[in-house]
Structures are given as structure tokens and as C-alpha cells.
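Please work through the following exercises on the interior, the open spaces and the backbone of a protein model. Each task is followed by a solution in steps.

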Amino acid sequence: MYRQIKDLPFEQQAEKITRDLVRIRSVNGTHGEVDIAARLEAIIRSFPFFKNHPDLVWTQRLKGDKLGRKNVFALLESGVPTDKTVIYHGHTDTVGTSDFGGIESFALDPDYLQTFFKNYDKDADTKADAVSGDWLFGRGALDMKSGDAVHLSNLLYYSDHRGELPGNLLVMFNPVEENDHKGVIEAVEELIRLRRERHLTYLLAINGDFVSPLYKGDPHRYVYTGSAGKLLGCFYIRGREAHVGETFSGIDPTWIAGRINTALNNNMDAAEKIPGEVILPPSCLYQRDSKPFYNVQTAGAAYLYFNYFLYERSPEDVLRQLESAAQAACQDLEVFLKKQYTKFSGNCGLKADPPDWSTLVMTYEAFAEEARTTGVDVEEVTEKTVQIHPSEDFRRISYRIIEALEAAAKDYRPKVIVFFAPPYCPHNYLRAEIDAERRCDDLLDRMLVKTGKKTGELFAKKRFFPYLADSSYLAMNETEEETNEIIENFPGWGRMYSIPTDRIRRLNIPVVDMGVYGKKAHTWMERVYKPYSFGVLPRLIRGMTEGVLSGTCGT
């Protein structure tokens, strides 16, 4: 790669690398994630500095990963011995390409897609961008191979101009970002090892993940000084089956699930209240009942879970909100059925007392403790359940654990159990009360003003990156007490899933997202804006890097 780009202007270098990476189909969960790691390693090893220092490029294979996916690392050491280090990081996987439909075979061909969209009359904005020639199309072009290319281009720049780098630069690329963040989670241990063995001090981590306009006509280029966290808020709803000919004798869990969904899904009243930030409400990601086939029996159980972004809210606040929504739904059900039963019995002349439609609401922690009091070995049941279903989806295993505990305790009371399931992303942001973080924040302000005056860009700084990102695993603002609240209500924690919370706290690296700019990520119209992403952004990142390493901010 070096020979192909060495004589190109910087902007063209970044675009050339982006095109090279886009051509590799690195869809999450496929062998392509292995292929792109190999390509990234090869690109870095082609740079003259790393040809002369091959030991400063290496990979870390993910433990137990059947595909053999790897993290890729490169360390560019300062010409003058120092412990001060900045990290550049990005992810290497993409979502699938089925959304391209009839042109899926061209999903990784930017030139074909530009020609296609030049003649695409069904979306005027996309057509105009294609005609302009300023946008690069293709799956992963925006999310986030252009960001990786910017990091690689800056790595090459500094390896050729080491005198401009007043510290060390560690670059890492991670797989498995698009679902469970396994790559960066395992990289935490490697970062700790490097800090210990090479005596590095991490001052800042810069993610190049994409930014986009937040509304039609939005002129801003956003920079984010932290990452939103995530919890998966889950409901296991045990009803009481009934023949449809005796429907009022049952408790329909789908009715409860529907009422909870209405209360939470896309409801801003359930969102945090932080003025000026992009704050999103809970989103329903799954709603099913337990019936495997058609019959005339009502469902016995229902499953429901929501994406919950964490900004400043604690996990306990989320848990209380889940409980409150469940309690309200169960109370509504009881009131509703009493009213309907009165009409039903009056119509057919029944004089019997109405059934009991009361439904318990409890946390998983309380449910597991109740099971223990009846003699159930919760840990043993959990272990067996995980072993029986080694390859099943993490979320589904969580429900299986609860059902196995129900069976062991012979507890089939109508109830709603609220709990958490994978993935869990900690939240973090630059804090004014921490001197080093405040100085980084102040430096960023100065850099944005300086760059804006020079280029005419209209920058806006926000605290929380509005999409889920690997940056969540480099620092966390949750306290140990708050993470314990998660763990106690997380079936299978430590067996099927966990994150190294103590190690993340030990790292505690301030993070910012200075991302490439584009539109329509995760859609077939995905595209990156070249003038900003390959021209303005790399220099902005270098300015921030040099300011941090020169002591303008940091410890």
C-alpha cells in the first residue's frame, strides 16, 4: 500500500486507503473480519518506519473466537523518550449488505454506486451528492472505514515526521463493534499490559467513528467528548394460559407486553432530561411470545427488551423505571379485565366471582433470592443452562436461565421479572471536576475555534456520542456500587457474558470522538463527505494530538 500512496497528497492517501478497505467485505460475524485485520496489519507493515521496527506492529487474537478475529495494534514511539501517549482507535466490522437489494453485488464498489446514484431520481439529496463528486459511497465507507483510513494516514504522516510528535501514538483497530464489542473489551487487557511493560501514560483516546447531521439542513460538524452507555432493559412476563373459550380465566402476557411497549418505546417522557444534548428514549428491540406454533391456547409467557441509553442516569434509575412500567401495566390489566368480565358475565348471566388477575413484579435479584430460599442452587442451574445452550444468543440464554429457575423452584405464578442482558456499555464523558479532563476539553474548544476560522466549518461540541461506540470500554463513570446493581440483575453474568469493569476503571482513559462526516450510515445510501473527512478532520486530529502530548492538557 505504501508504494501506491507515498507520492499522493494527504487527502488522496486517506481516500485511497478508504477504497482499499471498503473492497473487503468485513460484515460482522463473518470471516471478513479476519480478512480486514490481515489487510490493516499489512498496510501498517508497508510503512517504512514499521518495516524497520516490525516488533511495533502486532495482533491480539480474541479468546475462544471461532472465526479467529483479531485486534490490530501499532505503536509509534516518540523520538524523545516519554511516557505520554495518545490512542487512535476504530472498529473494522460493518453491518450486512442485503439492504442494497438488486445491486448488492456492487455494495463494495464506490465508483459503480456513484454512477448509480447520479441517475437515481427517487432521492434528490443522494443524487445531488453523487453528482457533486464530493462523496464516497459504499458499505462501510462511512461506518467506519474512512475513519480507520484517517487514523492510518495520520500514522503514516507522523512516522515520516516524528519530530512533530511530542509523545507516543498507539493505534488500534477492533472487530465485533456492531453487536457485542468483544474486540475492544479484550483490548482492555492489552492496553493495561502495554501501560505496565512500556510505562505508558494514556492521556486521551480519539475515536474516528462517524458523525452525521442531526436534522435536514444541519450545517454542523459535531465532536463528542464522551460516549453514551447502554443497558438492555428486559422483561420476562409469565402469564396464565387459558383456552380461548375460557379466555377470562387466564392472564395474557402479550397484553402486558403491549402495554409496557406503549409506555416506553420511543417515549421521551422515559428519557433523561439533559438540555442541549442528543438524548434518545428507550427503543424496543424484541417482543415475542413463547408459543412455537398455532393452537387455541393463550400464550404462557412473553419476552420483551429495550435499548436504554445511559447518559447521566444510574443503572438503578433504569431498573426502577422498568419496574414502574411493569407495575403500571399489571395494574392496568387487572382494571381492564375486571371491566370486561363485568360486561361478559352480565351478558351471559354468570354469577360467579371473577378470577384473580393479580400479577407480581420483581427484579431478577429478588426472584433469584426467592428461589434460593426454596433450596434452588441458582449458580448450578445457571451453569447447566449455559452449558446446554453454548451457541445460543446471549439474550435468549438470559430468558432460558429464568425459565430454568422457575422450573427448579416450581414457581409458575403470574409475574413480570425485570432484568438486564448483554450488551452493557458503560458511559463516560470529560468531567469538569477532573483537572486533566477539563484541560483536554478546553484544548478541544480552542482547536475547534481555530479550525473553524481557518476552514469555515461550523463546529458543535456535544458530550455524548449519540451512537453506541467502542469508546465506552476505555473509561466508565459508573461507580462500583452502580455496576453491582447491574451484575445482581444480570442472569449469567460471568458465565455467558461479562465486561472487565475493574480493569476499565483502572484504564480510565479520557475519550473523544472526532469522526468523519457523512450521511445514511447502515443504509444502502451510506456515504462519506470527502472534503471534510479527508482534508479538514485529519489535521484537526493532529492538532489535538500534538496539543495533548505537548502538555497543553493531561496529567
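The exercises below concern a predicted model.

**Exercise 1. The largest pocket**

Task: Determine the volume of the largest pocket, the residues closest to its centre and the elements that give two or more residues to its lining.

Solution.
Step 1. The largest pocket holds about 860 Å³ of space.
Step 2. Its lining consists of 30 residues, and those closest to the centre are Asp65, Asp180, Lys182, Phe394 and Met496.
Step 3. Two or more lining residues come from each of the helices α8 (182-198) and α13 (394-409).
Step 4. Sorted by class, the lining contains 11 nonpolar, 8 polar and 11 charged residues.

**Exercise 2. The second largest pocket**

Task: Characterise the second largest pocket by its volume, its lining and the strand that gives the largest share of that lining.

Solution.
Step 1. The volume is about 670 Å³.
Step 2. Of the 25 lining residues, Glu178, Lys230, Asn307, Leu468 and His522 are the closest to the centre.
Step 3. At least two residues of the lining are supplied by each of β9 (229-238), β10 (283-289), β11 (301-310) and β13 (415-425).
Step 4. The largest share belongs to β11, with 3 residues.
Step 5. The class division is 12 nonpolar, 6 polar and 7 charged.

**Exercise 3. Enclosed space**

Task: State how many cavities of 30 Å³ or more a search of the whole structure finds, and describe the lining of the largest cavity.

Solution.
Step 1. The search returns 1 cavity at that threshold of 30 Å³ or more.
Step 2. The largest cavity has about 50 Å³ of space.
Step 3. Its lining includes Asn428, Tyr429, Leu430 and Arg431, as well as Asn508, Ile509, Pro510 and Val511. Glu437, Ala475 and Asn477 also line this cavity.
Step 4. The lining residues divide into 6 nonpolar, 3 polar and 2 charged.

**Exercise 4. Nonpolar cores**

Task: Identify the residues with the most contacts inside the largest nonpolar core, and the element that gives the most to this core.

Solution.
Step 1. The largest nonpolar core has 163 residues, and Phe50, Leu191, Phe235, Ile260, Tyr364 and Met514 have the most contacts inside it.
Step 2. Helix α10 gives the most to this core, namely 10 residues.
Step 3. Another core, of 8 residues, lies apart from the largest one; among its members are Ala228, Ile274, Phe309 and Phe464.
Step 4. For Phe50, with residues up to four places away in sequence not counted, the residues touched are Ile44, Arg45, Leu56, Val57, Ala74, Leu75, Leu76 and Leu155.

**Exercise 5. Accessibility of three residues**

Task: Decide whether Arg313, Asp148 and Ala242 are buried or exposed, and list their contacts beyond four places in sequence.

Solution.
Step 1. Arg313 is located in the loop between β11 and α10 (315-348). With a relative accessible area of 12%, Arg313 falls under the 20% limit and is therefore buried.
Step 2. A polar atom of the Arg313 side chain lies 3.2 Å from the backbone oxygen of Ala270. The contacts of Arg313 are Ala270, Ala271, Glu272, Tyr308, Val318, Gln321 and His427.
Step 3. Asp148 belongs to helix α7 (residues 141-160). Its relative accessible area is 0%, so Asp148 is buried. Asp148 is in contact with Leu21, Gly90, His91, Thr92 and Phe173.
Step 4. Ala242 is placed in the loop between β9 and α9 (253-264). A relative accessible area of 6% means that Ala242 is buried. Ala242 touches Thr247, Ser249, Gly250, Val296, Gln297 and Thr298.

**Exercise 6. Backbone geometry**

Task: Locate the cis peptide bonds at Met144 and Pro423, and examine the residues Lys410 and Lys520, which have a positive phi.

Solution.
Step 1. Asp143 and Met144 are joined by a cis peptide bond with omega about -10 degrees; Met144 is in helix α7.
Step 2. Pro422 and Pro423 are joined by a cis peptide bond with omega about -5 degrees; Pro423 is part of strand β13.
Step 3. Lys410, in the loop between α13 and β13, has a phi near 55 degrees. Its relative accessibility is 68%, so Lys410 counts as exposed.
Step 4. Lys520, in the loop between β17 (518-519) and β18 (527-529), has a phi of about 60 degrees. At 42% relative accessibility, Lys520 counts as partly exposed.

Terms used:
Residues numbered from 1 in each chain as written. Predicted model: local features only at pLDDT ≥ 70, side-chain atom pairs only at ≥ 80, totals over all residues. Heavy atoms only, no water. 1 Å grid on protein atoms, 1.4 Å probe; cavity = no way out; pocket = protein on both sides within 12 Å on 5 of 7 lines; lining within 4 Å. Points joined across faces, edges and corners; volume = space filled by probe spheres on them. Helix = DSSP H or I, 4+ residues; strand = E, 2+ residues; numbered from the N terminus. Nonpolar A, V, L, I, M, F, W, Y, C, P; charged D, E, K, R; others polar. Buried < 20%, exposed > 50% of the residue type's maximum accessible area, 1.4 Å probe, protein only. Polar contact = N/O pair within 3.5 Å; in protein donor to acceptor, adjacent residues only side chain to side chain. Contact = heavy atoms within 4.5 Å. Core = buried A, V, L, I, M, F, W, Y, C linked by side-chain atoms within 4.5 Å.
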